[in-house]
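Open your viewer and get ready to click along with this tour. We will go from one selection to the next, with a short note at each stop.

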Amino acid sequence: MHNQRMNIGILGSGGVAQTLAAGFLTHGHDVTLGTRHPDKLSEWGTKNPAARIGSFADAAASADVIVLKFFTSLDESSMERLQREFAAARFVKAFNSVGAAFMVNPRFAGGPPSMFICGNDEAAKNVARGLLDQFGWETVDLGTAEAARAIEPLCMLWCIPGFLRNEWSHAFKLLR
Ligand SMILES: NC(=O)c1ccc[n+]([C@@H]2O[C@H](COP(=O)([O-])OP(=O)(O)OC[C@H]3O[C@@H](n4cnc5c(N)ncnc54)[C@H](OP(=O)(O)O)[C@@H]3O)[C@@H](O)[C@H]2O)c1
């Protein structure tokens, strides 16, 4: 599974989408970025000719893995809301506890950082784990979708040193 070439659709085209897309391409996957405004990606597309750029529907159409980008509510995890609304989809929460600059091949003096994931489908989590392995993360599986209530606020914890001291170069690690 870890070396399998996958068709990855990314719903979004901002900084996170572009970083992850470049990482997936580096590891030999096929990537389609979905956006409402394909024109704004013309420069990025020139630098990344292997990527396809289309609508959200184009990106989702034949994807093995879809990368979603949504905001978090404090009252409930967006992961649970999505899973309830689209019961047949096999969501995995990942990549929300670190800045885009470190999502692919993070390098820290303290070794590989931990990426906390959760989701209700074991096979989908194994696919996510394989992609995280390729990107150099240590995956920590925290169980089913409810764990997103704890994982999603990590984005705030990650940002606080940035807002306090302009420090943005860190990641979390679970020590055992
Ligand atoms: N930046 C980070 O370091 C970081 C780290 C962890 C998590 N995140 C999360 O990742 C997500 C994306 O972050 P980003 O920094 O890449 O943001 P961004 O550069 O502002 O990109 C926002 C993306 O969201 C899409 N979008 C915005 N409003 C939309 C709407 N009403 N309907 C459909 N699509 C809409 C835009 O699509 P169009 O292309 O169609 O305009 C664009 O692709 C956010 O939820 C952020 O909280 C960011």
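Is Glu167 buried, partly exposed or exposed? Select Glu167 and you have a partly exposed residue, with a relative accessible area of 38%; here buried means under 20% relative accessible area, exposed over 50%, and partly exposed in between, with a 1.4 Å probe and protein chains only as cover. Before you go on, note that this is a predicted model, in which local features need pLDDT of at least 70 and side-chain atom pairs count only at pLDDT 80 or more, while totals for chains, interfaces and linings use all residues. Residues are numbered from 1 along each chain as its sequence is written, and side-chain values use heavy atoms, with hydrogens and water left out.

**Around the end of α7**

Keep Glu167 selected and add Arg165: their side chains form a salt bridge at 3.3 Å, N to O. The term stands for a side-chain nitrogen of Lys or Arg within 4 Å of a carboxyl oxygen of Asp or Glu. Now pick Asn166, in the segment after α7. Asn166 has a positive phi of about 55 degrees, although it is not a glycine, and it is exposed at 61% relative accessible area.

Next, colour helix α7, residues 154-165, where you will find Leu164. Helices here are DSSP runs of H or I with at least four residues, strands are runs of E with at least two, and both are numbered from the N terminus. Leu164 is exposed, with a relative accessible area of 63%. Add Leu157 and Ile160 to see a nonpolar surface patch of about 300 Å² of accessible area together. Patch members have over 30% relative accessible area and no salt bridge; like charges are joined within 9 Å, and nonpolar side chains (Val, Leu, Ile, Met, Phe, Trp, Tyr) within 5 Å. Areas come from the Shrake-Rupley method with a 1.4 Å probe, and for residues only the protein chains shown count as cover. Pro161 also sits in helix α7, but Pro161 counts as buried at 17% relative accessibility.

**The loop between α4 and β5**

Move to Asn105, in the loop between α4 (78-85) and β5 (114-117). Asn105 has a positive phi of about 50 degrees without being a glycine. In that loop you can also select Phe108. Measure from its C-alpha to that of Ser169: the two are 8.9 Å apart in space and 61 residues apart in sequence.

**The ligand**

Now show the ligand. Of the 17 residues around it, Ser13, Thr35, Arg36, Lys40 and Ala100 come nearest; a residue is counted when one of its heavy atoms lies within 4 Å. Where do ligand oxygen atoms meet polar atoms of Lys40 and Ala100? One pair, at 2.7 Å, involves an N or O atom in the side chain of Lys40; a polar backbone atom of Ala100 is also 2.7 Å from a ligand oxygen. The ligand taken alone exposes 900 Å², of which the protein buries 58%.

**More salt bridges**

The whole structure holds twelve salt bridges. Select Arg5 and Asp30, whose side chains meet at 2.7 Å, N to O. Arg5 lies in the segment before β1 (7-11) and Asp30 in strand β2 (residues 30-34), so the pair ties together parts that are 25 residues apart in sequence. For a last stop, select Glu76, Arg81 and Arg84, which are linked in a network of salt bridges.

Terms used: Polar contact = N/O pair within 3.5 Å; in protein donor to acceptor, adjacent residues only side chain to side chain.
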